[in-house]
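Visitor: I have a few "how do you know that" questions about this model. Shall we put it on the screen and go through them?

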Amino acid sequence: MHFTAKATPMRILAIVLTLLILAPAMAQDRYLIDWDAAGEESLQHLVELIKINTSNPPGNETQAANYLKAVLAAEGIDSKLYALDAERANLVARIKGNGSKRPILIMGHTDVVGVQTEQWNEEPFGGLRKDGWVYGRGSLDDKDNVTAGLMLMLLLERNDVELDRDIIFLAEAGEEGTPDVGINFMVEHHWDAIAAEYCLAEGGGGVSEDGRVNVFSVQTTEKMIRRATLVARGTAGHGSVPRVDNAVALLARAVAKADAWQTDMRLNDTTRAYFERLATVSSPDDAFRYLNVENPDETQSIQQHFLENYPYHYSILRTSVVPTVIEAGFRKNVIPSEASAMLDIRMLPDEDVGGFYEQLAEVIDDQRIEIVPERIYRPAAPPSGIDNAMFESLERVANRMYPEAIVLPTMSTGGTDMAQVRAKGVPAYGIGPTRSVAERNSGNGAHGDNERVAEDAFVDFVRFVWMTVIDIAAAK
Ligand SMILES: [Zn+2]
């Protein structure tokens, strides 16, 4: 176990007592892993994967899949590549259990978003290890999860773990905007290869403050990306002659109305549990807000507080509408006949998509504005439950590794490939390495310049995945 907290005698005593009370012998204690060695091995695989440039586009994920295939094969673990595009293969490996329970799917994506190299202090595909950090694109998104899945398979095989269930490892291509070659291909054409009772993937993890992990978040649902373009059309003409149907002005008014629209607020099982649990570790003022967000007398001022101080909390309460791109005009003395604006709309998981666009049209209230929905590439999916064996295992292991942390189910405002898995009826849970609040607020995160992961937090995460899988899948 790794403690970064200041190890005062009282704190150590508290932790030991908590462990004794909460965590009697767990199944994973049967398998003794040398985590110094396994941690170093994990770090080396992470570094090697970062060095394989899988920026999407173009992806070239087959190179990462081949790396994984070779590492698995060296230990006698079979794997198979599934490719819609030969350069963009997905890899699946399976370790068999006795079949008394249904499989667990461990998923990580091998592609990464591109980089602006000149903005980085370190080489983004160098895999540099420095001062306890691993730098590089993918170190947090999502080669950490890929490596944890790889190490899980190696450790299960080496330790001859007796399993009640098959463990399936999917290293998928195309998560960053091109799921047609990745999860969509696997779900639509090779579902048999990955069908499972539960799935673990990216999107959560510990949050530490002053060296102490006080929150462990598990992503249980996400908003749906349902963007739309507003198109305004009017009469083109000379810039010296005003017109009532100036497309630029029509568009500007429509965008302003869409932006100012406070859409309906509502909670779901995930966000309700999120606020209730968060309240238990918050200041009295914050706790009051979290517990009264549905109180009709308080909700408006609470929502305004969230909007101004914690926009994530405002976003998870509702379908959000955010203007992001405006295109209009090409010459300063020409009124263009058309102008358009992108609205980045993120819908609650249960939103009625068509009904929402109708509401938007009513808010804009101008027949000259057309609403053009963007193509949908991730399906709607219900939140994954927090009352099943997998969530219980995640909580048990989190309580053991981070005795001072609360476990928070979260809804992410961004999208992941778990949506496709959940849409097939498989509860999916997003986890990841612990990061400090300061690090989360920095530009060093997923998609940021200088993306990096702390070595000790990463190794703890590999261990977390191992312990969770042993907890839910090892034969008793
Ligand atoms: Zn990702």
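Guide: Before the cavities, a word on sorting residues: Ala, Val, Leu, Ile, Met, Phe, Trp, Tyr, Cys and Pro count as nonpolar, Asp, Glu, Lys and Arg as charged, and the others, Gly among them, as polar. Also, keep in mind that this is a predicted model.

Visitor: What is the make-up of the lining of the largest cavity by those classes?

Guide: Its lining divides into seven nonpolar, two polar and five charged residues. The volume of this cavity is about 90 Å³. Of the 14 lining residues, Glu222, Lys223, Met224, Pro379 and Ala419 are the closest to its centre. Two or more lining residues come from each of β9 (212-222), β10 (224-225) and α14 (418-423).

Visitor: What makes a space a cavity here, and how many cavities of 30 Å³ or more are there?

Guide: A 1.4 Å probe has to fit but be unable to get out. By that rule there are three cavities of 30 Å³ or more. The second largest has a volume of about 50 Å³, and Ile225, Arg226, Arg227, Glu374, Arg375, Ile376, Tyr377 and Arg378 line it. That lining has three nonpolar, no polar and five charged residues.

Visitor: On to the metal. Which protein atoms are the donors of the zinc ion?

Guide: His109 gives NE2, Asp141 an OD atom, and Glu202 appears twice with OE, at 1.9 to 2.7 Å from the zinc ion. An N, O or S atom counts as a donor within 2.8 Å, so these distances qualify.

Visitor: Why is the arrangement around the zinc ion called irregular?

Guide: Four donors count as tetrahedral if all angles lie between 85 and 135 degrees. Here the angles run from 52 to 146 degrees, so the arrangement is irregular.

Visitor: How are the donor residues spaced in sequence?

Guide: The pattern is H-x31-D-x60-E. His109 sits in strand β3 (residues 104-109) and Glu202 in the loop between β7 (198-201) and β8 (205-209), so the pair ties together parts 93 residues apart in sequence. Both His109 and Glu202 are buried, meaning under 20% relative accessible area.

Visitor: How do you know that the whole chain is as compact as a globular protein of that length?

Guide: The protein chain has 16 helices and 20 strands. Its radius of gyration is 24 Å, close to the 23 Å from the globule rule for 476 residues, so the chain is as compact as a globular protein of that length. Buried residues make up 55% of the 476.

Technical notes
Residues numbered from 1 in each chain as written. Predicted model: local features only at pLDDT ≥ 70, side-chain atom pairs only at ≥ 80, totals over all residues. Heavy atoms only, no water. 1 Å grid on protein atoms, 1.4 Å probe; cavity = no way out; pocket = protein on both sides within 12 Å on 5 of 7 lines; lining within 4 Å. Points joined across faces, edges and corners; volume = space filled by probe spheres on them. Helix = DSSP H or I, 4+ residues; strand = E, 2+ residues; numbered from the N terminus. Donors = N, O, S within 2.8 Å, 3.2 Å for Na, K, Ca; no water. Tetrahedral: all angles 85-135°; square planar, octahedral: opposite > 155°, others 65-115°. Buried < 20%, exposed > 50% of the residue type's maximum accessible area, 1.4 Å probe, protein only. Rg over C-alpha atoms; globule rule 2.2 N^0.38 Å.
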